[in-house]
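Please open the model in your viewer and keep the selection box handy. We will go from stop to stop, picking something and looking at what is around it.

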Amino acid sequence: MTSRTTARARVTAASALLASSLLLVPLAGTAAAQPVPATVTAAHTAPRTGAFDPTALEKALTGIPDGDVSAALIRVGGKGNWAGSAGVRDLRTGAPALPHARFRAGSTTKVVTAAVVLQLVAEKRVDLDAPVTRYLPGLLPPSFAKPPTVRHLLTYTSGLRPGASLGSTTEEMYAHRFETLTPEQVVAASVAQGPAYDPGERQEYGNIHYTVLGLLIEKVTGDRYAHQAAVRVFRPLGMRHTGFPCGPDPRIHGPHHRAYADIGGRTTDVTEWNMSDRFAAGDMISTTADLERLVFGLFGGKVVPRPLLDQMLTVPRVDGATYGMALERYVIDGREIWGKTGSRPGYHTVLAATRDLSRTVVYSVNAKSAREDGFPLVQRFALPAFES
């Protein structure tokens with residue numbers, strides 16, 4: 001695998017894609033800190049043959065757990081399938097990582113949200129170029145002389161400012177991890193500040209665009225966002241282990257890994273956490289196999305009609321823009337890749353693919369650095385799947 005400097009030079013137009021994104025007690029136990037041998041298996045989806053050298057990814061899994069990563073799950077698909085896992089599900093017990101573990105998928109949720117909105121567009125229940133106020137009347141105060149359209153929200157060009165939050169750092173948020181901040185509160189705090197810029201003027205990635213889209217989905221369908229995601233995306237694709245917590249429930253139900261972060265200079269378990277304020281922008285729980293199904297279903301035209309998929313994978317003509325709708329475009333060794341990261345305390349997720357599905361990669365990594373600069377994790381666990 002190339003050095004970080006070389007790798008950065010080889011990623012053009014969007015290396016930021018894949019960097020976008022319970023008790024406060026020290027964790028002890030020398031035995032638990034010992035690396036667990038990586039497990040390599042054959043993926044069971046899209047069985048094809050083709051050249052793929054897993055050497056770099058196998059090396060990436062070696063030595064886990066380390067000072068940052070406690071567990072890693074990787075799936076590569078397309079022309080040549082491969083899956084590997086390494087590490088432990090719990091630093092205290094040292095029990096080995098589970099290839100089918102559920103995890104907080106963070107902002108990969110936005111891919112599902114965009115897909116649901118585009119389905120509503122296909123059904124002529126939503127117009128991409130209509131102002132959001134057509135569907136959410138009263139959302140914006142008079143300071144918004146130019147209300148953003150649905151397309152602006154999907155492409156992060158709406159001009160909305162970030163909304164209310166429970167902290168900007170993991171340490172700040174940790175103290176409020178069981179508190180509830182509703183999507184309505186998040187959005188109200190955003191629009192009260194007025195627009196940051198005119199819609200379409202520039203692209204600024206943020207959760208607020210997709211929080212509003214979640215509310216739009218609920219208004220148009222008269223149904224909960226989580227249920228619409230389930231009936232329109234998860235169930236048709238066979239994503240049986242993907243869903244959303246029930247309201248403010250801080251737990252991950254089913255098999256999962258413990259997540260860790262540095263809080264006050266100590267390694268702290270951050271698994272239980274109320275993430276409901278992330279809503280349609282980042283509250284999804286999934287597995288690597290299910291996210292792989294999402295990638296193949298979406299790019300294969302089974303989720304969004306192909307004409308709308310073309311629009312989803314189009315970067316708006318705005319200086320510096322790298323995102324289409326939810327997904328970001330970047331290039332490695334001349335190969336165009338579309339993907340999305342998801343970062344929550346202790347959990348870092350990536351899904352990415354070529355448009356023709358000749359190569360896909362999905363990973364979930366439990367890392368204390370999950371909410372920091374994601375490039376080192378991406379360089380280690382994702383880029384080798386796309387490099388020649």
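Start by selecting Asp310, which sits in helix α11, residues 306-312. This is a predicted model, so please read every stop on the tour as a description of that prediction. Asp310 is partly exposed, with a relative accessible area of 37%. Now add Gly324 to the selection: it lies 14 residues from Asp310 along the chain, and the two C-alpha atoms are separated by 9.6 Å.

**The whole chain**

Zoom out for a moment. The protein has 388 residues, and 58% of them count as buried. In cartoon view you can look for 12 helices and 12 strands. Switch on the surface next: about 15,200 Å² is exposed, with carbon and sulfur atoms supplying 53% of that area.

**Helix α6 and its buried face**

Select residues 183-191, which form helix α6. Which of its residues are buried? They are Pro183, Val186, Val187, Ser190 and Val191. Turn the view until you look down the axis of α6: these buried residues fall within an arc of 120°, so they line one face of the helix. A reminder about helix geometry fits here: an α-helix has 3.6 residues a turn, so residues three or four places apart point the same way. Now show α7 (208-221) and α9 (279-282), because the buried residues of α6 pack against these two helices.

**Leu294 in helix α10**

Move to helix α10, residues 288-299, and pick Leu294. Is Leu294 buried or exposed? Its relative accessible area is 2%, and Leu294 is buried. Display side chains around it: leaving aside residues up to four places away in sequence, Leu294 touches Val111, Val112, Val233, Leu237, Met239 and Leu351. For a distance label, try Leu294 and Pro236, which are 58 residues apart in sequence and 10.0 Å apart in space, C-alpha to C-alpha.

**Towards the end of the chain**

Select Leu383, in the segment after α12 (375-381). Leu383 counts as buried, at 2% relative accessibility. Which residue should you pair with it for a distance label? Choose Leu57: 326 residues separate Leu57 and Leu383 along the chain, yet their C-alpha atoms are 9.1 Å apart.

**Three backbone stops**

Go to the loop between α2 (55-61) and β3 (69-78), where Pro65 is found. Check the peptide bond from Ile64 to Pro65: it is cis, with omega near 10°.

Then select Lys124, in the loop between α3 (109-122) and α4 (150-154). Lys124 is not a glycine, but its phi is positive, about 65°. At 76% relative accessibility, Lys124 counts as exposed.

Follow with Leu357, in the loop between β11 (347-353) and β12 (359-367). Leu357 also has a positive phi of about 65° although it is not a glycine. Leu357 is buried, with a relative accessible area of 8%.

**Arg278 and the largest cavity**

Pick Arg278 in the loop between β7 (266-269) and α9. Why does Arg278 count as buried? Its relative accessibility is 14%, and the cut-off for buried is under 20%. With residues up to four places away in sequence left out, Arg278 touches Met173, Asn207, Asp283 and Arg344.

Arg278 also brings you to the largest cavity, as one of its lining residues. To see the rest of the lining, add Leu166, Met173, His176, Arg177, Trp273, Asn274, Asp277 and Arg344. About 60 Å³ of space lies in this cavity. Try colouring the lining by residue type: it divides into 3 nonpolar, 2 polar and 4 charged.

**The second largest cavity**

For the last stop, select Leu73, Ala101, Arg102, Phe103, His257, Tyr347, Ser364 and Asn366, which line the second largest cavity. How much space lies in this cavity? About 30 Å³. With the colouring by type still on, you should find 4 nonpolar, 3 polar and 1 charged residue in this lining. If you would like to explore further, rolling a probe the size of a water molecule over the atoms shows where empty space is left.

Terms used
Residues are numbered from 1 along each chain as its sequence is written. This is a predicted model: local features need pLDDT of at least 70, side-chain atom pairs count only at pLDDT 80 or more; totals for chains, interfaces and linings use all residues. Side-chain values use heavy atoms; hydrogens and water are left out. On a 1 Å grid over the protein atoms alone, a cavity is a set of points where a 1.4 Å probe fits but cannot get out, and a pocket is an open set with protein on both sides within 12 Å along at least five of seven lines; lining residues have an atom within 4 Å of a point. Grid points are joined across faces, edges and corners, and a volume is the space filled by probe spheres set on the points. Ala, Val, Leu, Ile, Met, Phe, Trp, Tyr, Cys and Pro count as nonpolar, Asp, Glu, Lys and Arg as charged, and the others, Gly among them, as polar. Helices (H or I, at least four residues) and strands (E, at least two) are DSSP runs, numbered from the N terminus. Buried means under 20% relative accessible area, exposed over 50%, partly exposed in between (1.4 Å probe, protein chains only). Accessible areas come from the Shrake-Rupley method with a 1.4 Å probe; for residues, only the protein chains shown count as cover. The arc is that of the directions from the helix axis to the C-beta atoms. Contact means heavy atoms within 4.5 Å.
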